[in-house]
Each structure stands twice: as structure tokens, then as C-alpha cells.
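Notebook open, viewer open. I'm jotting down what I look up as I go, chain by chain and contact by contact.

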Amino acid sequence: MRKWGGILERVSRRQFLKGLIGGLVAGGIIGAGITYVAAPEALRREITGQPSPQPGPFTPVLSRPLKMGIQTFFRGGGAVLGEPIYRGAVLAAEEINEAGGILGRKIEWVARDEGTAEESVREYRKLVEEDKIDFYVGITSSGNTPAIGPVAEELGMITLFADGCTDFLFEQAIKNPKFVFRITNIQSADGIAAAIGAIKYLDLMKKDKIRVAHIHPDYAYGRNAHAHISIVLEKVLGKDRVEFVYEGWPGLFRVTDFSPYITEIMANKPDIVATSLWGGDFVNFYKQALGYGLFSRTKLVTTLSHGAKPQATGPDYPDGNVAGVHANYYFLYPHPETYPINKSFVERYYKRWNEYPNFEAEGAYVCVYLYKNAVELASKLRGGGWPEVDEIIAALEGMTIYGPAGPLHIRARQPNKHQGYKDAIIGISKSDPNYGFSILVDPLVIPISRITVPEGWDGTPDPKAGTLAYSWIRATWKEGVLPI
Amino acid sequence: MVIVIKRNPLIEEISYLYIIIAILALAYPLVFSFLRGWDTILTYGIIWAIAALGFNILYGYTGLLSFGHALFLGLGGYAAGFMLKYLGVRDLELYILGGAVASLVIALAIGSVVVRYTRIFFAILMLAIAQVFWSLYYKFYWITGGSDGIKIPRPNILGIPSGSLDAITYQYIFYYYSLALLFILGYIMWRIVNSPLGIALRAVKDNETRASFIGFSITKLRLYAFLLSAVYVGIAGSLLAVHSRIITPEQAFWTSSGKIVFMTILGGSGYFLGPIIGAIIYNFIESIAMKYVYWQLIMGSIIIAIIAVMPKGLISVIEKIIGYREIKIQPKQYMQKGGDRS
Amino acid sequence: MVVFEDILIRILNIFYGASIFFLIAVGLNLIYGVMKLVNLAHTALFAFGAYIVAGTLMKILAGFVELPVGFLIVIPPIAAGLTVLAVSGAISPLLTYAARKSEDVQLILTFGLLLIFEDMFRGLWGPVPVVSNEAYMRSGMFSLGGSQYPLYNIYVMIFVGGMVIALWLFLHKTRVGMLFRATSMDIEMTSALGADVRKVIIGAILIAGLLAGLGGGLYVPAASATLGMSIEYLVYAFVIIVIGGLGSFVGSLIGSFIVSALRTLSLAFFPELELALLYVVAIAILLIKPEGLGGGKGW
């Protein structure tokens, strides 16, 4: 083999192998040796896989502060949903610290950014391994919870997902979770609630034919909403009465000019337009749609029109459209005047952050309080002292907590073990001069047990829609009957 | 009479590669113990180094800038994902093979057409093709998992079943496995670069017209470089998906192509080791920068600063510090009867 | 059920989309023609114009008494155009530096600039989309049979139509315009003949910035200013210059039109394939006629 200028030596295969093996072995030995000398304890534990020594039953409660890891979107289109997670969690932590902390330990927090699945997993690992958090609250995107979940299980970190509500998480990604919990309602409930809202508010049962147009962001959430809205409409109204006249799939936050979609939708003369567009996409869409007179010709049925930042849906948003809040929480329900927990939450949140809380904020807030309650309960059950991780988990399972949205229950059995359940809200939009933006009025409270797969149901997820809920609706709901 | 020439930086001695690999081998246990959390970054650095190495045979040596190599990253990742999902494959070796083969196949399909275009046309063409695939990954969501992607649990490495290893051991094995791959692939690349093929590629880059006059088939040579780069990046793609435990369309988005380009430039596309150094350092920079809200500002400024201050990359700076190696030749070596020996 | 007004609305949308695309593409092509620089950061200037209007100007104006619609639709875009013109001037040293480098380095440098702009938007105006569509809403709509169409869009089309004519006249009927064309055809010869090509280059940068900012300012009332807008339009810009041909005025028109038509029509008939279709057409054009449909480097 020719070499440039004949300078360089040929390298024989033996030399190559020697170099490879020698380098790796030498490197490994030297590295391990240095580690042993410098930190023998750490090395021993790593090699033998032993955990750090845990406090025994009679160890006094540690006084060093608790470290909470928060991970969410601080930038980009997701920030409108994500930042409130940070804000809700921090508000809860501050309140708890004011009241003395959890068993006397104050909460400190470290926040990291959420990004793509790869980036989020990396940052999560750093939170656990580098920042050494004690528990974790976070995640907005449904693309990230299934990626982080298995890592959380592997690393053994109590992980409370405030969102990332995809059905996929506990139905397929981690079927038997130990450390991972999720507080906000499961994603399928969203589309189902929106469809039920449409049927009830827009009196669809009385119509002969209903023309439905769809426009959803092209990613898992949009597909999920599309599938579940469609199947509920078909089941309850009857396949022969419902006609799907158009489907648009703009990329999530990739489109600012919706006019081509709007004109296509209108050309198909729908009775209702079902959409799970949210955040900036939704604002763009409705403002542009106003110019084309969409709202005078049809009604919008949304999963998230009022769920991002409540004040983002401006006073120009037309009244009488089905208003969704991700089937979770709207700051006016239960009305603060009737429910002190919500009153305190909304007032303090507004005072702290100068905006009204959305469902993400409520979710994160409840995550922290849930953890506190579980720790306190576990401590009581073991006779005092800081509980082990296993004990905290046992306390979390089956726990019910009263949050600003009302009671939330953490499921202890399959399917969807460790999923949080609270009643779903859907409403109608109305512009309110007192607030200066469009609010959700006339809330319909949908008992969550009627729109989610019950404990013990043993079906399989639908292959195309990908959820248990889809199969469950198809198998168990009666035609022509609204099951609430 | 003695002729003194400066060493051609594109074909450094193999010993530098050994040194780098040895340093990386040494570094891992230290990073793992003292800088926990950064060990993952180092692993990513190794994997991206493989991608950048492959990319550079096309860019640094053959002169074709592609802004669409995320195509092969995606193919590699989805090859692993599909093998898992539809064939139940759990072995890392097969994932890597799948990634290499998938990339090779697609590269063959588009290669002979694509390499006839140069410069900006080639860059944009590759970008457009990569984007087509990217949008397909989204659209055919019931096959690819759409935006959620396909989850890839820990594979079996070297025949060892994944379940039998605890987390830490697995990470160590995976790291050294990737490092060994980098070494082997790096060595192969080094041999290629120093072979007649490598010299021919450089000739094509330096002066296309002259190269064709000598008798080289420009298109064929470019195609070989293209195929080679595709295979390397494809392998990196499957490793990436395995390390992240997931493959999503993001891996195939053009920003990933941009990352490969950036890493290569950062290290120095005119150097054999440039892409490797660049990839490792880039991953650390990115991880640090992402701690800050304005990380894009930081990355963008770094890109501009590098081009302005050290356009030949980090290695050129290191070189200046260490000093060029001068090589003295006695011309007598070359004046034998019948010319150079092979 | 195809109705005449539906077809007409689609055609109007195509023209509207093309108008916005044109303002971006012609600037990009102008810079390439004169400096042989591929400026990936150009769409960031477009976004800048949108942000300046929605995020700053309209917020300032909101404090004033209700302004007439005519004012609102004309002054903000022009103000945006001038602001971005100034910004272009500020970055022109970087652009002229980049122009001296090889094409790949140009791509990398301008990409870095794009990233910087994106974070600048974030820092100045926040991560949440900035909306300000008073001009759009107050322009009202007109009826087309059973449907409606926003008048603002019509206004934009007329405005840009005027710009097209004005630019063409500038390039073909004025001495300065002729200098631009000459520089883009053969910069050495033009310089040798005594023209100050440096002024032409700066002029091109400034005009391109003006047009991009104008485009952003016109666009934002009907949409919003968002992070990632630069990237969204960069993708379209790529396809436009591929289809129309780099460095061509006519190409900018043709490319903008075709891409807008493709987008509108694919949304009508193949909504699932939208982006993929654009790329496929771009690939096809690149393969068949790499210099684009605009007839090469002609102006």
C-alpha cells in the first residue's frame, strides 16, 4: 500500500491489535486505579452496585434541604405551557417552606430545560446524577415522558410528571411503573371530553347530519385528539350521521400562516371544526379565521383553547365555541368563592407570577403537595423518621389529594397504574369584560370514570390509534348513548 | 541535498489516533466517578465522532458539503427501531449492521444522481432529500411511531443479554464498545485516506478538471466517498438511537445535519482527527450552552468566532502551539529506476 | 362540491402567499446576484420586521388615540422596512466578510448569524408568539358569494404588486439599477469599467433588508411573530430559490408563485403530504434544471 512520500510506517495487524487492546486495558486499569485511590467508597459501590447507606428506622430526619428537580420548556412554543409547570411547582415549594418544609426539611430546586427526547433524557440524567435531586417534577411534552420514564425507573428516582399525558406511557412504555407517576389526566380523556362538550353544548343529538372538519397539529397529541374525538362522535351520534369532510395537519409551531387551511376548511362547509391546536398555533388560527368569517359559519370544538395561558384567548375570541382545558383544570372551577383551596391557589399564583394559573401550573403544584403528603403519611406509618423511597411510593399509590382542581386520585392497579385521575372539565367560551379576555363559562364536569378505562379492564391498545381508551370505547360504549 | 516539507495534515500518523483513543479510554472512569452526568455526554461525543468522521471523507477530502446527512442518522436510528419493533431484534451488533445496510442502500439509490451536483446544489439537494424522509417519518406515524418515535430498550451487547447487566456495568460496556468501534472505524478510515482512493479523492477536491484529465472518474470517486460517509453516519445513527433509548424524527431533522457540519468545522475539516476532536468538544459545549437560556446565541457566536479566528479548526490552533512537524527527505529515495516503489 | 368562489379564494390565497414569499426571495436573490453570498440569515430579517411591528411599534401606538386604518396598514410596515434596513447595514461587514469565503463557509457563517438572531428575538420579545392584528381586523372583509375574504390580504397583494413593478423599473430603467444588474452579471468587468461596486454591494444589502423588513411588517397583522418563523420561511425560501433559480428577479417571481401554489393546492388535495411535496418538487427541479426555471442568472 502506497504511503505519501514513503514516510509513514506500515502498521501491521498485530501492531494494530496490540495498540487497541493495550490502549483500552491500560486506560481502564489506570482509570480504575485512580478512582480507587481517590474515592474508594464510590468505586466499591459502583462496582458492587450497592446503594448509598440509607437511614435506618431510628435515624433522625435529615435536616439537609430536599432537592427538587424541575424540568420543562423555558423556550419555544412549548414555553407557554411549560413555564407554568415551573411556576406552580415553585409556588408550592415556597408555600411548604413557609409552613416549615416537609418534616422540617426545606425544599430547594434546580430547573433544567426540556427539549427533544434525546436532550430531555440527557438533562434528566444530569438532574439525577449531577445535581443529585431527591424527587422530580416536570415535563410538558408527550414525546418526552415515554423517553424519560424508563430512565427514571432505571435510576430509581421518584418522578412526578406534571403533564406529558400520552396514553402510551403507562400502557406501553412502562407497563408496571415503580418510581414514575403522572398527575394530569390521561391524553385520551381530552379528545373525549371535547367531543362530549360538542354533543352537549351544540345539541348535536338533535341534528340529522353533522359535517365535521378536523385540524390538528401533526404530532402525537394531535393524532390522539383526532382519533378520540372522531370515535366518540361516531359512537354517540351514529356513523351514518357523522361525515368527516376535511383533515388538516399543520406541523406543530411550524406554520404561522393558516390561511390556506382556513379556506380549505370553509370550502367544505363543516358544522363543527374540531381542533387540538394550542398555544401560538391556536391564537394564529383563530385570529386569521376571524378574517375569513369562519366563526359565523361554524362552531369550533377545541381541546385546549382556554388551557394554555387563560389570558391568551383574547376578548375577540367569539362566544359560544366549545372551550377545552386539556380535560384538566380551569382557574374558575371549582369557583374560588366556593372552594378555598382554589381561591388560595389562584390568588397566590396571580400575586407571585402576575398571571392566572393554567392546568400545568395546577398539575405541578399538586405534584409537590402530593409528594409532601406521601412523605408525611409514610413517615407516620413507619413510626417516624424520613421514609425510604419504597415507603413513599407505597403511600403515593391509591392516595387521594384535594388540589385546586378538586380531588385527585392516584391509581394503584392496572391498567394505567400510577396515573392520576380527576374529573374533567369542558366549557363554552364567553368574552368577559371584567377579566379582559375570553373565559370558560358553564363548565360541564365529566366524571373521569366515565371517560377513562376502568381499573381491571383487560383489553389491548388499538393498533392505529394506539390507546386502550380507543379500544375500550369501541368495545363497551353503547351506540347512540352519551354515557354521562 | 535535503528537501524539507511540511507534513500534510490530512494524513497524520496513526499514532495520534492511538493517543486520542487511549485518552478517551482513560478518561471515562474518571468522568464517570467525578463528573457524573458528563459521562453520557462523552459517550455521545464518541458516537457523533463516528458520524463526523464519515462526513468528513465527503467534505474535507472530497470537497462535497452535504446539509442532509441527518438522512443517514435517521436511517440508522429507524433501522434499529424497525428491527426491534417488527423483527424483535435485540442485539446491538445487528442494529449497527442494520443501520449500515439501510444507509448503504439509500445512498446507492440516490448516490449516482446526487453526486453529479456540486457545491450549493449538492448541499440543498441533500437537505431536501433528508427533509422528505423526515416528513415521512411523521406522516407514517403508525409505522414509525410518529413524533413519539420508537423506544429502544437496552440491547444485548456482545451476546450478553441486556437484562443480566446492572445499569453502571452496561454504561461502561457500551462506552468502551463505542470507543472500540470508533477506533476500528477510525483505523479503516485512516487506511482509506492513505490509499490510492484517498489520494484520488483529494485530487478531485483540489482540481476537478485536472483530476478528470488524469483519468479519474469524478462521479465514481465522489460516489465512493458518498457511500462511505453514508455507512459511517448510519452506524452512528443506530448507536445514537440505542444510547438515547429512542428514535424520533428529530434525529433526521436538518438541524442534526447542521450539527455534523459544525462539529467537523470546529475540529478542522482539513485534519484527519479534526472531526473526532470537534465532535467530542461540540457535545460538551452544547451541553454547557444548553444550561443557559440563550444557548443559540452562544452557539451562533461560537460558530462565527471559529470561522473568523480559526477557520481551519481547533487542530490548527493545537498545531500552531505544538509546531509543525518538518519532514526531511532525501530525493534519492525517489530517483530510483522506474520511479516510486509501491 | 366545487364552487366558483372557493376557486377564487384559493387563487387569492396563492397570490397572497406569493406576495410575502416574493419580498423575501427577491432580497435573497439580490444579495446572491451581487455578492454571490447565500445568506441563510435573510429570513431572520423578515422575522425581525414582524417582531418590530408586533412587539414594539404596535405596543407604542396602542397608547395613542385610535388611529385610522390607513395609517395602520402603511406606516408600520414601512417603519419595519427602514428598521431592518438599518439592521442590515449593521451586519453588512459580516456579510461582506462571508462573501469572500467559499460557499460552504458562507452557509455555516450565516447559519450562525441566524441562531444569534433567533435568540435575540427571544431576549427582546420573549418566547411566546407576539400578536398584533389590529390592522388586519380593522381592514374588514368583503363578501364573495357565500364566503368572505379579508381585505387586508388584498391590500398586501396590491402593495407587493406595486413593489414588483417598482423594482423592475428600478432595475431596468434606472442607471443605478443597471449597475446592479451589471454587477451581478460580471462584477470584475463592472468594476473595471469604473463603477464603485462596493456601493452596489452595500446598496443590495440595504435594499434586501428593506424588503425583508417590509415583508415581515406586512405579514404580521395577518399572522403573528413567532420564534422559529425564520426557520419556517427559510425552508420555503430554499425551495423558492431552487425552483426559480439563484440570483434571478424573474426567478423570484416564478419561484414564489409556484411554491405558494403548491402549498395551497397540496393542502387542498393532499393535506398529509404538504411539506414532502414541496421538497419532492424542489428535488425534481434540481435534477432536471438546476439553474431553476427563472432562466439562469438573468434579471
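How many residues of chain B are in contact with chain C, and how many of chain C with chain B? I looked this up first and got 29 residues of chain B against 29 residues of chain C. Note to self: this is a predicted model.

Next I went through the chain B side of that contact. The elements giving two or more residues to it are α5 (119–139), α11 (254–267) and α13 (295–309) of chain B. I checked which one gives the most, and it is α5(B), with 13 residues. By residue class, the side of chain B that touches chain C splits into 21 nonpolar, six polar and two charged.

**Entry: B:Leu65**

I picked B:Leu65, which sits in the loop between α2 (38–59) and α3 (70–87) of chain B. Is B:Leu65 buried or exposed? I found 26 C-beta neighbours inside 10 Å, so B:Leu65 counts as buried; the cut-off for that is 20 or more. Leaving out residues up to four places away in sequence, B:Leu65 touches B:Tyr59, B:Phe122, B:Ala123 and, from the other chain, C:Asp104. I also took one distance: B:Leu65 and B:Ile129 are 64 residues apart in sequence and 14 Å apart in space, C-alpha to C-alpha.

**Entry: the core**

I then pulled up the largest nonpolar core, which has 375 residues. Those with the most contacts inside it include A:Ala89, A:Leu160, B:Ala49 and C:Ala204, so I have names from chains A, B and C on my list. Which element gives the most to this core? It is helix α1 (residues 4–35) of chain C, with 18 residues.

I followed up on B:Ala49. Setting aside neighbours within four places in sequence, B:Ala49 is in contact with B:Leu182, B:Pro275, B:Ile276, B:Ala279 and B:Ile280.

**Entry: a helix pair in chain C**

C:Ala204 came up again when I looked at α7 (residues 175–185) and α9 (residues 197–219) of chain C. The two helices pack at an angle of about 100 degrees, with their axes 10 Å apart. That makes α7(C) roughly perpendicular to α9(C), because 65 to 115 degrees counts as such. On the α7(C) side I noted C:Leu179, C:Phe180 and C:Thr183, and they meet C:Val197, C:Val200 and C:Ala204 in α9(C). The contact residues come out as five nonpolar, one polar and no charged.

**Entry: a sheet in chain A**

Over in chain A I traced an open sheet of five strands, in the order β2-β1-β3-β4-β5, with parallel pairing. Which strands stand at the edges? They are β2 (107–113) and β5 (180–182) of chain A; each has a single partner strand, so one side of each is left without a neighbour in the sheet. The twist averages 20 degrees from one strand to the next.

I zoomed in on β3 (residues 135–138) and β4 (residues 159–161) of chain A, which pair in the parallel sense over three bridges. One residue match I wrote down: the bridge partner of A:Gly138 is A:Phe161 in β4(A).

**Entry: chain tallies**

Chain A has 16 helices and 15 strands, and 55% of its 484 residues count as buried. Chain B has 14 helices and four strands, with buried residues making up 54% of its 342 residues. For contacts between residues at least 6 apart in sequence, 69% in chain A join residues at least 24 apart; for chain B I have 79%.

Key: Residues are numbered from 1 along each chain as its sequence is written. Chains are lettered from A and ligands numbered from 1 in the order in which they are written. This is a predicted model: local features need pLDDT of at least 70, side-chain atom pairs count only at pLDDT 80 or more; totals for chains, interfaces and linings use all residues. Axes are lines fitted to C-alpha atoms, for helices over the stretch in contact, and angles run from 0 to 180 degrees between N-to-C directions. Angles under 35 degrees count as roughly parallel, over 145 as roughly antiparallel, 65 to 115 as roughly perpendicular and the rest as oblique. Two residues are in contact if their C-beta atoms, placed from the backbone, lie within 7 Å. Ala, Val, Leu, Ile, Met, Phe, Trp, Tyr, Cys and Pro count as nonpolar, Asp, Glu, Lys and Arg as charged, and the others, Gly among them, as polar. Two strands pair if DSSP finds at least two bridges between them. A nonpolar core is a set of buried Ala, Val, Leu, Ile, Met, Phe, Trp, Tyr and Cys residues joined through C-beta atoms within 7 Å. A residue is buried if 20 or more other C-beta atoms lie within 10 Å of its own, exposed if 12 or fewer, and partly exposed in between; C-beta atoms are placed from the backbone.
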